Structures are given as C-alpha cells and as structure tokens.
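User: I would like to learn how to read the features of a structural model step by step. Could you take me through surface patches, the core, salt bridges and distances, with the general idea before each case?

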Amino acid sequence: MDVSTVVGLIFGVVSLLVGMALKGVTPDALLNPAAILIIIFGTIGAVVIAFPMSELKRVPKLFGILFKEQKLASEMELIQMFSEWADVARREGLLALEAKADEIEDPFLRNGLGLAIDGQNADYIRDVLTEEVEAMEDRHAAGALIFTQAGTYAPTLGVLGAVVGLVAALKDMNDIDALGLAISAAFIATLLGIFTGYVLWHPFANKLKRKSANEVQQKMMMIEGILSVLEGEAPRVIEQKLASYLPANERKQLQSEENS
C-alpha cells in the first residue's frame, strides 16, 4: 500500500471535518444529495465526454497504481548488477549473460539484455528501448490527464451547483430562516467541488506523474547500463557513469565503497 496516498487522504478529510467543526458546521451538512449529484456525477460525465472509452477503461487500474506502493529495484542494486554483468562479459563474452537473462523478471530489462546478446548494435538497441519508454510515458500521461481534467471540472461544477442552489433558495424569500439554510446548502456544492478538485483529483494526477517519472528514470538507467555492458566498459566505469542517477547521499556511499 502507498502510505503517502492514504495518509494524505486522511489529513485532507480530517482537516475539512475539523475546520467545519471549528466553524460550527456539522458533518451532516455535507450530505446534500443535489450537491453530490452535480459534483460527483457531473465530473464523471465531463470526463467521459472528454476522453475516449479506451482510456477510461484504465481508470480502475490507475486507482490501483495510486494506492499500491511502487515496486522498483533500487538504483544501487541495478548498479551492482550491471557491474557484475560487465565483469562477466569482459571475461567470458556477452553470450555468457544468456543464462542471467532468463532470471530477469523485468520484461524491459530482459528484452534489452536479449537484444545485446543477440548481437544488435548499440544504436538499434537505444532506439528500440527509447521508443518503448516514450510510448510508456504517453500512456502514463494520458492516465494522469484524466485526473487533471477532473480536478479542473469539479470546482467549476461546484460554482454551477451553488448557482442552482441559490436560484432555488431565492424563489421564496418570505421565510428568512429557511432562506438562510437554503443558501448555506447551496454553497455545499462549491465546497465539494473545490475539495474533490484540489484534495483528490489534482493530487492524484501529480502522484501518477511522479510514479511515471521514477519509472522512466529507472528505465533510462537500464538503457545506459545495457549499452555500457555491450560496449565492454569496465565495471568501475559503469558504476561511475550510473552513479549520476543516484541521490547525493547514495552517490557518496557508492564512492566510499569504491575507495575502500
């Protein structure tokens, strides 16, 4: 489970409820069927209009990505792995890595190493793998855009809901008490629109973008590692080249291990 997503949601909901309580508003004020209908179903309707069904079918999977911890190998592990491969390739040749290719779980890395073992040149391997990464980026961007657009539509629909509520409230101004309740209920739509837009949909889109960026960075690191092994570079050289993908503290740790 992605802890930051769950913790963020809890903080967002708690801050809203506590803020309402401090202002003397009870949580049951949020249970406004008209506002919920306009904001939730209106946002869904706008998103369905904006995107093709082929992309909308991926929404359940996108929610799974949001709430599951991203499982990526650490950069340090990859550096050590490529260093070992480089040592084997320099001593025994690239074909000696064929047995290791069968053990790789990551299909991208397995495919890249397979191309190198098959004798493809570096430019061809870089082109094939880079195109695969770019295609993946496009898919990820399309998924994040769904939530970005939902975050754009929801606050505007909140204003629409408030207008509808005010129109209904102003139809009868004889009962002042009822008028006040109707006006307060009208603004619940605005509250729900802003809350869902800026506490749910936009943050969800940003989380998907960050996870995509992490995956892209790791795949670019894999490409550099595969090509370095193919070109017969020394393990120490590969470690120094791939260290640029590490955070500063891990880079220092790697350098200290090399010097020890």
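User: Which residues make the nonpolar surface patch of about 640 Å²?

Analyst: Please keep in mind throughout that this is a predicted model. The general idea is that nonpolar side chains join a patch when they lie within 5 Å of one another and have over 30% relative accessible area. In this structure the patch is made by Ile-36, Leu-37, Ile-40, Phe-41, Ile-44, Val-48 and Met-53. Helix 2, which covers residues 33-50, gives the largest share of the nonpolar patch, namely 6 residues.

User: Where is Met-53 found, and why does Met-53 count as partly exposed?

Analyst: Met-53 is found in helix 3, which runs over residues 53-56. Partly exposed is the class between under 20% (buried) and over 50% (exposed), and Met-53 belongs there because its relative accessibility is 49%.

User: Which residues form the negative surface patch?

Analyst: The reading is similar, except that like charges are joined within 9 Å. Here the negative patch is formed by Asp-123, Asp-127, Glu-131, Glu-134, Glu-137, Asp-138 and Glu-231. Glu-137, one of these residues, is found in helix 8, residues 122-170, and is partly exposed with a relative accessible area of 36%. Asp-127, which also belongs to the negative patch, has its place in helix 8 and is partly exposed with a relative accessible area of 46%.

User: Turning to the interior, how many residues does the largest nonpolar core have, and which have the most contacts inside it?

Analyst: A core of this kind is a set of buried nonpolar residues joined through side-chain atoms within 4.5 Å. The largest one in this model has 33 residues, and those with the most contacts inside it are Phe-82, Trp-85, Leu-97 and Val-229. At least two residues of this core are supplied by each of helix 5 (75-92), helix 7 (107-117), helix 8, helix 9 (176-230) and helix 10 (235-242). The largest share of this core comes from helix 5, with 8 residues.

User: How many salt bridges does the structure hold, and how should I read one of them?

Analyst: The structure holds 7 salt bridges, and the criterion is a side-chain nitrogen of Lys or Arg within 4 Å of a carboxyl oxygen of Asp or Glu. Take Arg-91 and Asp-87, whose side chains meet in a salt bridge at 3.2 Å, N to O. Both residues lie in helix 5, 4 residues apart, which is about one turn of the helix. As for accessibility, Arg-91 is exposed, with a relative accessible area of 54%, whereas Asp-87 is partly exposed, with a relative accessible area of 33%.

User: What separates Lys-219 and Glu-215 in helix 9, and is Lys-219 buried or exposed?

Analyst: Lys-219 forms a salt bridge with Glu-215, and the closest N and O atoms are 3.4 Å apart. The two residues are separated by about one helical turn, because they are 4 residues apart in helix 9. Lys-219 counts as buried, since its relative accessibility is 11%, while Glu-215 is partly exposed with a relative accessible area of 21%.

User: Which residue has a side chain that meets Glu-233 in a salt bridge?

Analyst: That residue is Lys-241, and the N to O distance in this salt bridge is 3.0 Å. Glu-233 is buried, with a relative accessible area of 18%, and Lys-241 is partly exposed, with a relative accessible area of 31%. Salt bridges may also share partners, and in this structure such bridges join Asp-2, Lys-207 and Lys-211 into one network.

User: How many residues apart in sequence are Arg-126 and Glu-224, and what is their C-alpha distance in space?

Analyst: The idea here is to set separation along the chain beside separation in space. Arg-126 and Glu-224 are 98 residues apart in sequence and 8.5 Å apart in space, C-alpha to C-alpha. Arg-126 is found in helix 8 and is partly exposed, with a relative accessible area of 32%. A further pair is Asp-127 and Ile-223, which are 96 residues apart along the chain, with their C-alpha atoms separated by 10.0 Å.

User: What separates the C-alpha atoms of Gly-112 and Val-14?

Analyst: Gly-112 and Val-14 are 98 residues apart along the chain, and their C-alpha atoms are separated by 47 Å. Gly-112 lies in helix 7 and is buried, with a relative accessible area of 0%.

Definitions and conventions: Residues numbered from 1 in each chain as written. Predicted model: local features only at pLDDT ≥ 70, side-chain atom pairs only at ≥ 80, totals over all residues. Heavy atoms only, no water. Areas by Shrake-Rupley, 256 points an atom, 1.4 Å probe, with all protein chains shown as cover. Lys, Arg positive; Asp, Glu negative; His and termini not counted. Charge placed at Lys NZ, Arg CZ, Asp CG, Glu CD. Buried < 20%, exposed > 50% of the residue type's maximum accessible area, 1.4 Å probe, protein only.
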